[in-house]
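I opened the model to look up its sheet and the helices that pack around it. My entries follow in the order I made them.

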Amino acid sequence: KNRVAETITYNDLLREFTSAKPSLTQLLDIIPPIKPRHYSIASSMKMHPNSVHLLVVVEDWKTPSGKFRVGQCSGYLSTLTNPTNEDIYLTVSVAPSLMKLPPKHTQPVIMAGLGTGMAPFRAFIQERQYFASQGEEVGPMALYFGSRFRAKEYLYGEELEAYNTSGLLTYLRLAFSRDQKEKVYIQHKLQKDKTEIHQLLMKEKGHFYLCGPTWPAGDVYDAIVDNFCSAGGLDKQEAQKEIYNMKEEGRYVLEVY
């Protein structure tokens, strides 16, 4: 358990057990390949046809013994610099995602994201912005964004504020859990918008998306059930059935990790 908490590396083991002297060939056999890291694309191909944007936050922590650790992939990416404008090459691939906008641009979209879970929603907003700039009508968009501190973790904050001011982003609800004595999370913001949630999801057949850590999924689900009961006059079982139907129709999508 202590070794797990310390996130022991192969380098640490070799330094601890100095009598072990495996050859390079043996090390290559023992150490497995680095697992791929999956990042949601944070840009629209319509708006940025020649580039792909990623939202990456460096993962770092201190072990119980006080050692400073940095995430293998995010730490590596943070070290990449290009002072001489030379090309930097990375091995990447693009995989299908559950996160897809509704088939009709006029359908409402409710997005709930924590931290880097904001990434696909930036792509959604940019996509709708593109179609709006081409004169097409786009439906309402609501974003519920959560992180710990506004000053440090309001990802794409200025951009979001601009979209909200322009009217493209109909509702911008922010939950910074550590900025006040009482912790505030996105489920609390969802609970306050009972009428809006009911209108966009039940009456207008909008789509709901949640992206980010797994832990708030249950509380978010409960908040929407409560909204359907309070604003839609449903009992709990009927509200749960409504969300079940949304899932079957592809209108309630979770991408959690």
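Entry 1, a strand pair. I began with strand β3 (residues 109-114) and strand β4 (residues 141-147), which run parallel and are joined by six bridges. This is a predicted model, so I am reading computed values throughout. Within the pair I noted one position: A112 stands opposite Y144 in β4.

Entry 2, the sheet. I then asked what the order of the strands is in the open sheet. I read it as β5-β4-β3-β6-β7, five strands with parallel pairing. The edge strands are β5 (171-176) and β7 (252-256), each of which pairs on one side only. From one strand to the next I find a twist that averages 10 degrees.

Entry 3, burial of β3. I checked whether β3 is buried or exposed. Six of its six residues are buried, so β3 is largely enclosed by the rest of the structure. In a regular strand the side chains alternate between the two faces of the sheet, and I therefore looked at each face separately. V109, M111 and G113 lie on one side of β3, I110, A112 and L114 on the other, and all are buried, which leaves both faces covered.

Entry 4, G212. I moved to strand β6, where G212 has its place. The relative accessible area of G212 is 0%, and as buried means under 20%, G212 counts as buried. Which residues does G212 touch, leaving out those up to four places away in sequence? I listed L114, G117, E255, V256 and Y257. I also looked up the separation of G212 from C229, which is 17 residues apart from it along the chain: their C-alpha atoms are separated by 26 Å.

Entry 5, α10 over the sheet. I found that α10 lies across β6 (207-212) and β7. Its direction is at about 160 degrees to β6.

Entry 6, α9 with α10. Helix α9 (residues 194-203) packs with helix α10 (residues 217-232) at an angle of about 95 degrees, and I read their axes as 8 Å apart. That angle makes α9 roughly perpendicular to α10. On the α9 side the contact is made by K194, T195, I197, H198, L201 and M202, and on the α10 side by I224, D226, N227, F228, S230, A231 and G232. I sorted the residues of this contact into six nonpolar, five polar and two charged.

Entry 7, α10 with α11. Which angle do α10 and helix α11 (residues 236-248) pack at? I have about 120 degrees, with the axes 9 Å apart. The two helices α10 and α11 are therefore oblique to each other. I recorded their crossing as right-handed. From α10 the contact uses Y221, I224, V225, F228 and C229; from α11 it uses K236, A239, Q240, E242, I243, M246 and K247. The residues in this contact of α10 with α11 divide into eight nonpolar, one polar and three charged.

Entry 8, the whole protein. I closed with the overall values. The secondary structure comes to eleven helices and seven strands. Along its principal axes the C-alpha trace spans about 70 × 45 × 35 Å. Of the 257 residues in the protein, 35% are buried. Among contacts with a separation of 6 or more, I noted that 66% are accounted for by residues 24 or more positions apart.

Note on methods: Residues numbered from 1 in each chain as written. Predicted model: local features only at pLDDT ≥ 70, side-chain atom pairs only at ≥ 80, totals over all residues. Heavy atoms only, no water. Axes fitted to C-alpha atoms, helices over the stretch in contact; angles between N-to-C directions. Parallel < 35°, antiparallel > 145°, perpendicular 65-115°, else oblique. Contact = heavy atoms within 4.5 Å. Nonpolar A, V, L, I, M, F, W, Y, C, P; charged D, E, K, R; others polar. Pairing = 2+ DSSP bridges. Left-handed = near helix turned anticlockwise from the far one by under 90°. Buried < 20%, exposed > 50% of the residue type's maximum accessible area, 1.4 Å probe, protein only.
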